Each structure stands twice: as structure tokens, then as C-alpha cells.
Amino acid sequence: RSSDLSGIHLDEEKREKAVNLNVNILDLSSEFLMGAHLPNKIDKKILPPHIYNNFALDGNCIQVGGLYADSPDDLVREAAYKIFLYPNAKQLNCLEDLLTSRYALAQLVGYPTFGHRALRGTMAKTPENVMTFLQTLSGKLSERTANDFEMMRSEE
């Protein structure tokens, strides 16, 4: 039942806590998603001057807002990859708070994990079923990939 997911069936104090957790989860999810698209900044002195013009300059900093996968320059792609994907403490804290709130909500409404709560009423039903599916799929893909690789090798 959807009331099991939302906490409507709980007493007033726990129901209020569930509402607050849901609001917190929505806020944190939004904050995390917005932060995932923000550029990272570094001091431009860290990079070789000949690649500055590939990036957005902001005073003494370079902003990198993506992976630059289409750049023909290996060094530009490498720099962009390392800078853009460098762990951001604010994002990590937000993610930790989000996961903690999701777990607290799941526990409050009677589920062992948020995954169990999220999969209720779906075809997958449980995190264990999802894991079994992914392991089966992974096994079949690795066999297929090996076969494709052998076929490409034999065509050389």
C-alpha cells in the first residue's frame, strides 16, 4: 500500500517525522542534482598555459564544466576529466545527508533499506532481485564481449 511508503499509517509524531524526512529528501535530491552540473574551478597556474584557451577563465581560475570528450587534444581531455570529476566535499556531504535521510525514512515506515521501500510495487520487488538480475546480465555480457573481442581479433 502507498500509505506504507508515505507513513500515513503512523502515529502523529512519527507521521510528522516522515513528512519532514520526505521534504528533506526532496531538498537534498534537488541540491545534489543541481551541484552535479556545476563546473569545478582550479587555479590556472596548475595547468600548462598553452591549454588555458580551451577552458572558461574566471580571474586566476579556470572553470571546467564538462569532460571535453570531443577535444582533439589529449592533454585538454585529461585535464578536464581530472578537474571536472574531482571529488567535491559539498557534494559528498549532500549525498551522505541524502542517503542518511533515505535510510531513516525507510526504517521509520518499516523497511530495512530505502531500496526495499523504493522497489515495493515494482516488477523487481526487492534489492536482492535487482542484484540477481544485474549479476546474470553482467555474466552474459562478459561472455558476449569476449566473443566480440575474439571475432575482432580474428579479422585483423
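Two strands are taken to pair if DSSP finds at least two bridges between them, and helices (H or I, at least four residues) and strands (E, at least two) are DSSP runs, numbered from the N terminus. The structure described in these terms is a predicted model, in which local features need pLDDT of at least 70 and side-chain atom pairs count only at pLDDT 80 or more, while totals for chains, interfaces and linings use all residues. Residues are numbered from 1 along each chain as its sequence is written, and side-chain values use heavy atoms, with hydrogens and water left out.

The sheet is a suitable place to begin. Strand 1 and strand 3 (residues 61–64) run antiparallel and are joined by four bridges; within this pairing, Ile-42 has Ile-62 of strand 3 as its bridge partner, and Asp-43 stands opposite Cys-61 of strand 3. The sheet as a whole is open and consists of three strands in the order 1-3-2, with antiparallel pairing. Because strand 1 (40–43) and strand 2 (56–58) each have a single partner strand, they stand at the edges, and one side of each is left without a neighbour in the sheet. Neighbouring strands of this sheet are turned against each other by 35° on average, direction ignored, where the axes are lines fitted to C-alpha atoms and angles run from 0 to 180 degrees between N-to-C directions. The two faces of strand 1 can also be told apart, since Asn-40 and Ile-42 make up its covered face, whereas Lys-41 and Asp-43 make up the uncovered one.

Beyond strand 3, the loop that leads to helix 3 (74–84) contains Ser-71. With a relative accessibility of 14%, Ser-71 counts as buried, a label that applies under 20% relative accessible area, with exposed meaning over 50% and partly exposed in between (1.4 Å probe, protein chains only). Leaving aside residues up to four places away in sequence, Ser-71 touches Val-76 and Arg-77, contact here meaning heavy atoms within 4.5 Å.

Helix 4 (residues 89–108) has 20 residues and reaches 28 Å from its first C-alpha to its last, close to the 28 Å expected at 1.5 Å a residue; the expected span is 1.5 Å times one less than the number of residues. At the start of helix 4, a side-chain oxygen of Asn-88 comes to within 2.8 Å of the backbone nitrogen of Lys-90, and just after the helix Gly-110 takes a positive phi of about 95°.

The buried residues of helix 4 are Gln-91, Cys-94, Leu-98, Ser-101, Leu-105, Ala-106 and Leu-108. Seen down the helix axis, these buried residues fall within an arc of 160°, so they line one face of helix 4, the arc being that of the directions from the axis to the C-beta atoms. On the other side of helix 4, Ala-89, Glu-96 and Thr-100 are exposed.

Helix 2 (12–36) and helix 5 (114–119) are included in what covers the buried residues of helix 4. Gln-91, which is buried with a relative accessible area of 14%, touches Glu-31, Phe-32, Gly-35 and Ala-36, not counting residues up to four places away in sequence. Asn-20, also found in helix 2, is partly exposed, with a relative accessible area of 46%, and its C-alpha atom is separated by 9.7 Å from that of Ser-101, 81 residues apart along the chain.

Technical notes:
Polar contact = N/O pair within 3.5 Å; in protein donor to acceptor, adjacent residues only side chain to side chain.
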